[in-house]
Amino acid sequence: MTHILKLRAGKRNEEIRVEAGSRVMDAISALDPSLIDAPCGGKALCGKCRIRLVGGRLTAPEERESRLLSAAELSAGLRLACLARFEGDAEIELPARGEASIITAGPKAAVDRDPPVRLVVVAPSEPSLEAQSDDEARLLAALALELGRQGAPELAPGRVDLAALPGLARCMREGSVEAVVADGRVLSAVPARPGARQLGLGVDLGTTTVVAYLVDLSTGERLATASELNSQRSFGADVISRIEAAADAECLEVLRSRITSQIAAMARDLVRAQSRAQEDLVAMAIAGNTTMLHLLAGAPPGAIALSPFAPAFLARRIEGAAALGLSGHPGCAAILLPGVSAYVGADIVAGIAAIGLHEAPGRSLFLDLGTNGEIAFGGSAGIVCCATAAGPAFEGAGIEKGSGGVEGAIDSVWVDGGSLRFSTIGGAPATGICGSGLVDALAAFLDCRIVDDTGRVVDAGEAAALPSALAALVDQGPRGPLVFLDRQRGIYLSQADIRAAQLAKAAIAAGIDTLLKLEGIGSGEVDRLYLAGGFGSLLDVRSAARIGLFPASLVDRVIVVGNASGAGATAACLSRSRLADCDRARAACAYVELSSRPDFNEAYIERMMFPEKA
Ligand code: FES
């Protein structure tokens, strides 16, 4: 039996048939996964998959739903899409969401144009009775001449890929041939198109966001950038939720096809907007964490979550993009960049390569604060790196009123004349708190003693000693104390939120401590602190040091590098030497497993406390 779902999402109106008894979340995700957020992966833990029932019938709210939604919210029609099921036709409205503001800028460095994947046009010689050489040999001879002229590396003998042979037999009788060449191999050979260009795509495939940079491989020019939220996020905000979901073979296939379709669509739109043919796209270089690359390749990622954390693959690989379900030239190559370990993936390697940490003098810290906290420390003498299970608190997930970096998210908080002030993204009315706002708010609460060094929100008696405007922010909620940032709009941080942020910052700070101790270095001897990732780019570094995310002595040595992973992937697409940098950066990295180290556990407990005011 089926019912009719009428869905309103902003200006979009849809009407679809849904199975009786099916979950609202599954129906909406099947229509368009980008319409709904599910940071907990649909496990009824986060309360973020809210919808509003305008008319019709859903199952009655169960107890778990009543715990996450107030009585007022339930009577206003709010429901959780991961729990509510269709009992009849239903008319549903999705709450307004701002556009995600995704950091796309990354470090800029001169990149030599020597692409690892090339589109080469040649006119092979005709066969004759006197010289009866085969098509492959004649194509390779013509390519060798042209590649020599371009100063590109030689082809391996007899290396026309099997997949290119059918096209080869046809095009060698039609005059000029355009071949896609990579890694000493011919990936495709097709009749030459007049006016063909060679474009490349650098992709930063994050757990939360996907950013794609279109470049002209001949000129090195960056043509356009696109960014979107990762379409897999209805399976959960963090990699562990996605790994759990992928344990089911059907879900793994859904996860794989969602991300490949998303990258393919982003690539198609970027190329089309430049009025170029889709066949002009000949290369993609993709940086992502180890789980994301496994899901892209359709490889079960289960072992990533189980000790001894041995993934299926880590080395760089060049695949046919079409075999992965991606778009472009029939011979378009997809380069999956190399990773170091299950939790220090190709995104970190690409970031290290982009800033040249593996060749830098002195010793610097590199911190990528995304859904996890990955840390690298070192320079040209070698790099040690680790990953901390910081959790997604700084991405706004797991925080009651948390939010991604979308319009209306509180992104900055400060104390001014005894009152708390804040700003929101886009200046819109406050709808939630994003990572940078969370760090600022904690720093402000500590400074004005709303929260003490242990992370405890002061009680009513202690609050009475604060200036009245600050005391009025503290309240008692059903599950413990709350500190309001915007009482009118119900935006607050709960004691549990503060504890989640405290655990996250302790994990990152303890990771830094462990690496420095391992190298016998004090924080005062660190030359630079590179902050990468969207959260790192928006962070107020003084607030970050105030809450103890990293040592205060590093505040003046911070270099914000933005989307270093995307910059590394794009550079790898444009230049063989920058691609080789990724391999060198990977080889320079020694991974340190924190979970088995007593010194990490000690540092973690120690860093749970907030630092005293300087
Ligand atoms: S509560 Fe529904 S997705 Fe988290």
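These are my notebook entries on helix packing, nonpolar cores and a few single residues in a predicted model.

**Entry 1: helix α17**

I began with helix α17, which spans residues 564-574, and asked how many of its residues are buried. I found that 11 of the 11 are, so the helix is largely enclosed by the rest of the structure. The buried residues run from A564, S565 and G566 through A567, G568, A569, T570, A571 and A572 to C573 and L574.

**Entry 2: α17 against its partners**

I then looked up how α17 packs, keeping in mind that two packed helices are described by the angle between their axes and the distance between the axes.

For α10 and α17 I noted an angle of about 75° with the axes 7 Å apart, and that makes the two helices roughly perpendicular. On the α10 side the contact uses D347, A350, G351 and A354, while α17 brings A564, S565, A567, G568 and A569. Sorted by class, I have 5 nonpolar, 3 polar and 1 charged residues in this contact.

For α17 and α18 the axes are 5 Å apart and the angle is about 130°; since angles of 65 to 115 degrees count as roughly perpendicular and those over 145 as roughly antiparallel, this pair is therefore oblique. I recorded the crossing as left-handed. A571, A572 and L574 of α17 meet R576, R578, L579 and C582 of α18, and the class count is 5 nonpolar, no polar and 2 charged residues.

**Entry 3: α10 against α18**

Next I checked the pair α10 (residues 346-355) and α18 (residues 576-588), whose axes come within 8 Å and cross at roughly 115°. The two are therefore roughly perpendicular to each other, and their crossing is right-handed. From α10 I listed V349, A350, I352, A353 and A354, and from α18 R578, D581, C582, A585 and R586. This contact has 7 nonpolar, no polar and 3 charged residues.

**Entry 4: the nonpolar cores**

Which residues have the most contacts inside the largest nonpolar core? I found L205, L337 and F366, in a core of 83 residues. Helix α7, residues 249-273, gives the most to this core, with 8 residues. I also noted a second, separate core of 67 residues, which includes L365, L367, V457 and V526.

I followed F366 further and, leaving aside neighbours within four places in sequence, listed its contacts as I348, G351, I352, I355, L357, E374, I375, A376, Y530, A532 and A564. Of these contacts of F366, G351 also belongs to the α10 side of the α10 and α17 contact, and A564 to the α17 side.

**Entry 5: Q495 and F600**

I looked up whether Q495, which is found in helix α14 (residues 495-518), is buried or exposed. Its relative accessible area is 14%, so Q495 counts as buried. Beyond its neighbours within four places in sequence, Q495 is in contact with G455, R456, V457 and P481; of these, V457 is also one of the residues in the second core.

F600 is found in helix α19, residues 598-606, and counts as buried at 10% relative accessibility. Not counting residues up to four places away in sequence, F600 touches T388, A507, A510, G511, T514 and L594. For the pair F600 and T514, 86 residues apart along the chain, I noted a C-alpha separation of 5.7 Å.

How values were computed: Residues are numbered from 1 along each chain as its sequence is written. This is a predicted model: local features need pLDDT of at least 70, side-chain atom pairs count only at pLDDT 80 or more; totals for chains, interfaces and linings use all residues. Side-chain values use heavy atoms; hydrogens and water are left out. Buried means under 20% relative accessible area, exposed over 50%, partly exposed in between (1.4 Å probe, protein chains only). Helices (H or I, at least four residues) and strands (E, at least two) are DSSP runs, numbered from the N terminus. A nonpolar core is a set of buried Ala, Val, Leu, Ile, Met, Phe, Trp, Tyr and Cys residues joined through side-chain atoms within 4.5 Å. Contact means heavy atoms within 4.5 Å. Axes are lines fitted to C-alpha atoms, for helices over the stretch in contact, and angles run from 0 to 180 degrees between N-to-C directions. Angles under 35 degrees count as roughly parallel, over 145 as roughly antiparallel, 65 to 115 as roughly perpendicular and the rest as oblique. A crossing is left-handed if the near helix is turned anticlockwise from the far one by less than a right angle, and right-handed if clockwise. Ala, Val, Leu, Ile, Met, Phe, Trp, Tyr, Cys and Pro count as nonpolar, Asp, Glu, Lys and Arg as charged, and the others, Gly among them, as polar.
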